[in-house]
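Thanks for sending this one over for a second pair of eyes. Here are my notes, set out point by point so that you can follow along with the model open beside you.

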Amino acid sequence: MAKVVWQAGIEYVSGALCKCGKQKPHTHGRMLLATHRRAATTSDTCNRIYLRDESNFTKSNSTNAMWARSRFKSIAEMVHQRSMDLSKISQDQMNFLAQRNQLGGKKTMRSYYWKICGQEYDAAHPRD
């Protein structure tokens, strides 16, 4: 939704000015987008306008894309199961807190679960 603030003329315009492709659901149609920001260190009149053309994304059925989708789905299910497993929650929380402030450590519990479940999946399903 576009936002227009009126003060002695137009002070700024921000948001989607035109969504020119809403008649086709689930497609990335054309769009006219304006942004406005105020930064303390730079000019306070920072306006930008972006034009987005219609994109024709098609699902790739390559073996790499199918493998990546399968891996993502499997790891997502592993993360869900592990986060609900009462026998592992205490140990996972201790391990998470131990690695959180280290270099390369994951900052959220969910990202930590994705890391360890991804490592488990890759160890169980080596890719040649």
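The points below go from the whole chain to the helix contacts and then to single residues.

1. **What we are looking at.** Please keep in mind that this is a predicted model. The protein chain holds three helices and four strands, and along the sequence they come in the order β-β-β-β-α-α-α. My notes deal mainly with the helical part.

2. **Burial and contacts over the chain.** The protein chain has 128 residues, and 18% of them count as buried. If you take the contacts in the chain with a separation of 6 or more, 31% of those join residues 24 or more positions apart.

3. **The nonpolar core.** Which residues form the largest nonpolar core? There are eight: Ile 75, Val 79, Phe 96, Tyr 112, Tyr 113, Ile 116, Cys 117 and Tyr 121. Helix H1, residues 63-84, and helix H3, residues 109-124, each bring at least two residues to this core. The largest share is that of H3, with five residues.

4. **How H1 meets H3.** The axes of H1 and H3 are 9 Å apart, and the two helices pack at an angle of about 120°. An angle from 65 to 115 degrees would count as roughly perpendicular, so at about 120° the H1 and H3 pair is classed as oblique. The crossing of H1 and H3 is right-handed.

5. **Who makes the H1 and H3 contact.** On the H1 side you will find Ser 70, Arg 71, Phe 72, Ser 74, Ile 75, Ala 76, Met 78, Val 79, Arg 82 and Ser 83. Facing them from H3 are Arg 110, Tyr 113, Trp 114, Ile 116, Cys 117, Gly 118, Glu 120, Tyr 121 and Asp 122. By class, this contact of H1 with H3 holds 10 nonpolar, four polar and five charged residues.

6. **How H2 meets H3.** The axes of H2 and H3 cross at roughly 100° and come within 10 Å. These two helices are therefore roughly perpendicular to each other. H2 contributes Ile 89, Asp 92, Gln 93, Asn 95, Phe 96 and Gln 99 to the contact, while H3 contributes Met 109, Tyr 112, Tyr 113 and Ile 116. The contact of H2 with H3 has six nonpolar, three polar and one charged residues.

7. **Asp 92.** Is this residue of H2, which spans residues 89-100, a buried or an exposed one? Asp 92 has a relative accessible area of 2%, so it is buried. Beyond residues up to four places away in sequence, Asp 92 touches Arg 82, Met 109, Tyr 112, Tyr 113 and Ile 116. Do have a look at the pairing with Arg 82, which is the subject of the next point.

8. **Arg 82.** This arginine sits in helix H1. Its relative accessibility is 15%, and because the limit for buried is under 20%, Arg 82 counts as buried. What does Arg 82 contact outside its neighbours within four places in sequence? The partners are Lys 88, Asp 92, Tyr 113, Ile 116, Cys 117 and Glu 120.

9. **Val 79.** This member of the core is in contact with Arg 110, Tyr 113, Trp 114 and Cys 117, leaving aside neighbours within four places in sequence. Tyr 113 and Cys 117 also belong to the core.

10. **Gly 118.** Here is a glycine in helix H3 that is buried, with a relative accessible area of 7%. Apart from neighbours within four places in sequence, Gly 118 is in contact with Arg 71 and Ile 75. Gly 118 and Ala 76 lie 42 residues apart along the chain, and their C-alpha atoms are separated by 9.1 Å.

11. **Asp 122.** Another residue of helix H3, Asp 122 has 35% relative accessibility and so counts as partly exposed. Between Asp 122 and Ile 75 there are 9.6 Å in space, C-alpha to C-alpha, and the two are 47 residues apart in sequence.

Conventions
Residues are numbered from 1 along each chain as its sequence is written. This is a predicted model: local features need pLDDT of at least 70, side-chain atom pairs count only at pLDDT 80 or more; totals for chains, interfaces and linings use all residues. Side-chain values use heavy atoms; hydrogens and water are left out. A nonpolar core is a set of buried Ala, Val, Leu, Ile, Met, Phe, Trp, Tyr and Cys residues joined through side-chain atoms within 4.5 Å. Buried means under 20% relative accessible area, exposed over 50%, partly exposed in between (1.4 Å probe, protein chains only). Contact means heavy atoms within 4.5 Å. Axes are lines fitted to C-alpha atoms, for helices over the stretch in contact, and angles run from 0 to 180 degrees between N-to-C directions. Angles under 35 degrees count as roughly parallel, over 145 as roughly antiparallel, 65 to 115 as roughly perpendicular and the rest as oblique. A crossing is left-handed if the near helix is turned anticlockwise from the far one by less than a right angle, and right-handed if clockwise. Ala, Val, Leu, Ile, Met, Phe, Trp, Tyr, Cys and Pro count as nonpolar, Asp, Glu, Lys and Arg as charged, and the others, Gly among them, as polar.
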